[in-house]
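Visitor: I have a structure to read and do not know where to begin. Could we go through it feature by feature?

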Amino acid sequence: CYGDANECVNTGTCDDPIPCVFEYETGLHPDVNENVEIYGKLYCDTAGIGDSTVNPHGHIRGICPEGWYLPTVEKYEDLFLHGDALKSPLYWTDGGGDNSTGFSWLPAGWYNGALERFEGMGSEGYFLSVEITDTEIRTVVYSMIHDCDVVNRMETHAGIAFSVRCVKEKD
C-alpha cells in the first residue's frame with residue numbers, strides 16, 4: 001500500500017466490513033506471496049483513489065507512490081485501439097496476447113465483496129481509473145477478458161476490488 005495519506009493494510013477497511021486491499025488467494029491459486037509478486041494487490045475504489053486530492057498536474061495520486069498518479073479515463077481510452085497488443089503472453093488461460101505495446105496487461109481477476117471471494121484470475125484483468133469532472137471524481141474500471149481482445153469500460157461500486165496501474169508524472 002503506497003502513499004503516506006493512504007495507510008491501509010489487509011486488515012484495514014474502506015467500508016466496514018469490506019477490506020480495502022486484497023492479496024489474491026483461492027483454492028486454485030493458494031500461494032499468496034507468488035500471486036502478489038505476479039499480479040500485485042487488488043484495491044477497492046476508496047483505497048485506490050485515497051483522499052481524492054487533485055495535484056497541480058490535474059491528476060489524483062491515490063494509492064500510487066510519490067511522483068505517480070492514477071490514470072484518467074482519457075489515458076485508458078487511448079488504449080482501446082490496441083487490444084491483443086496490450087495483453088501479456090503469460091498467465092492468461094488462452095495464451096494471452098503479443099504485448100507488442102509493452103503494457104503487460106495481466107489477468108489478475110478481481111475481488112467480489114458481495115460473495116467475499118476472488119474471481120477471474122488467469123482469465124480476466126481489470127484496472128481502476130478515475131474520471132475527473134468539474135463536479136465530481138469517480139472511479140471507472142477497464143477490463144479485458146481472456147477470449148476477447150477488446151478493452152471494456154465498466155462502472156464500479158463499493159465492495160469490489162481491482163488492480164491499479166500507476167502512471168509516472170512528467171517532470
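Visitor: Does Glu155 count as buried, partly exposed or exposed?

Guide: Before the case, note that this is a predicted model. Buried means under 20% relative accessible area and exposed means over 50%, with partly exposed in between. Glu155 has 47% relative accessibility, so Glu155 counts as partly exposed.

Visitor: With which residue does Glu155 form a salt bridge whose closest N and O atoms are 2.9 Å apart?

Guide: A salt bridge is read from a side-chain nitrogen of Lys or Arg within 4 Å of a carboxyl oxygen of Asp or Glu. Here the partner of Glu155 is Arg138, at 2.9 Å between the closest N and O atoms. Glu155 belongs to strand S10 and Arg138 to strand S9, so this salt bridge ties together parts that are 17 residues apart in sequence.

Visitor: Which other residues join Glu155 and Arg138 in one network of salt bridges?

Guide: Take the pairs in turn. Glu155 also meets the side chain of Arg153 in a salt bridge, 3.8 Å from N to O. Arg153 is partly exposed, at 32% relative accessible area. Through shared partners, the network takes in Glu77, Glu131, Arg138, Arg153 and Glu155. Within it, Arg138 forms a salt bridge with Glu131, and the closest N and O atoms there are 2.7 Å apart. Arg138 is partly exposed at 30% relative accessibility, whereas Glu131 is buried at 17%. The count of salt bridges in the protein comes to eight.

Visitor: In which sense do strands S9 and S10 pair, parallel or antiparallel?

Guide: In a regular strand the side chains alternate between the two faces of the sheet. S9 covers residues 137-145 and S10 covers residues 152-155, and the two pair in the antiparallel sense over four bridges. One point of the pairing is Tyr142, whose bridge partner in S10 is Arg153. The two strands form a hairpin, with six residues between them.

Visitor: Where does the disulfide lie in the chain?

Guide: A disulfide is a covalent bond between the sulfur atoms of two cysteines. The count here comes to one disulfide. This disulfide joins Cys64 to Cys166, with 2.2 Å from S to S. Cys64 is in the loop between helix H2 and strand S5, and Cys166 is in the loop between strand S11 and strand S12, so the pair links distant parts of the chain, 102 residues apart. The angle about the S-S bond is -90°, and the link is left-handed.

Visitor: Is Cys64 buried or exposed?

Guide: Cys64 is buried, at 0% relative accessibility. Two other cysteines can be read in the same manner: Cys44 is buried at a relative accessible area of 2%, and Cys148 is partly exposed at 28%.

Visitor: Which residues have the most contacts inside the largest nonpolar core?

Guide: To read a core, look for buried nonpolar residues joined through side-chain atoms within 4.5 Å. The largest one has 18 residues, and those with the most contacts inside it are Tyr43, Ala47, Leu70, Phe162 and Val164. Strands S4, S8 and S11 and helix H2 each give two or more residues to this core. A second, separate core has 12 residues, among them Val73, Trp92, Phe127 and Met144.

Visitor: What does Leu70 touch, leaving out residues up to four places away in sequence?

Guide: The contacts of Leu70 include Ile49, Ile60, Cys64, Val130 and Val164. Cys64 is thus a point to look at twice: Leu70 touches it, and the disulfide to Cys166 starts there.

Visitor: Which residue caps the N-terminal end of helix H1?

Guide: An α-helix has 3.6 residues a turn, so residues three or four places apart point the same way. Helix H1 runs over residues 32-39, and Asp31 caps its N-terminal end. A side-chain oxygen of Asp31 lies 3.3 Å from the backbone nitrogen of Asn33. Just after H1, Gly40 has a positive phi of about 80°.

Visitor: How many helices and strands does the protein have, and what share of its residues is buried?

Guide: The protein has three helices and 12 strands. Of its 171 residues, 45% count as buried.

Methods: Residues are numbered from 1 along each chain as its sequence is written. This is a predicted model: local features need pLDDT of at least 70, side-chain atom pairs count only at pLDDT 80 or more; totals for chains, interfaces and linings use all residues. Side-chain values use heavy atoms; hydrogens and water are left out. A disulfide is a pair of cysteine sulfur atoms within 2.5 Å. Buried means under 20% relative accessible area, exposed over 50%, partly exposed in between (1.4 Å probe, protein chains only). Two strands pair if DSSP finds at least two bridges between them. Contact means heavy atoms within 4.5 Å. A polar contact is a pair of N or O atoms within 3.5 Å; within protein, one must be able to donate a hydrogen and the other to accept it, and residues adjacent in sequence count only if both atoms are side-chain atoms.
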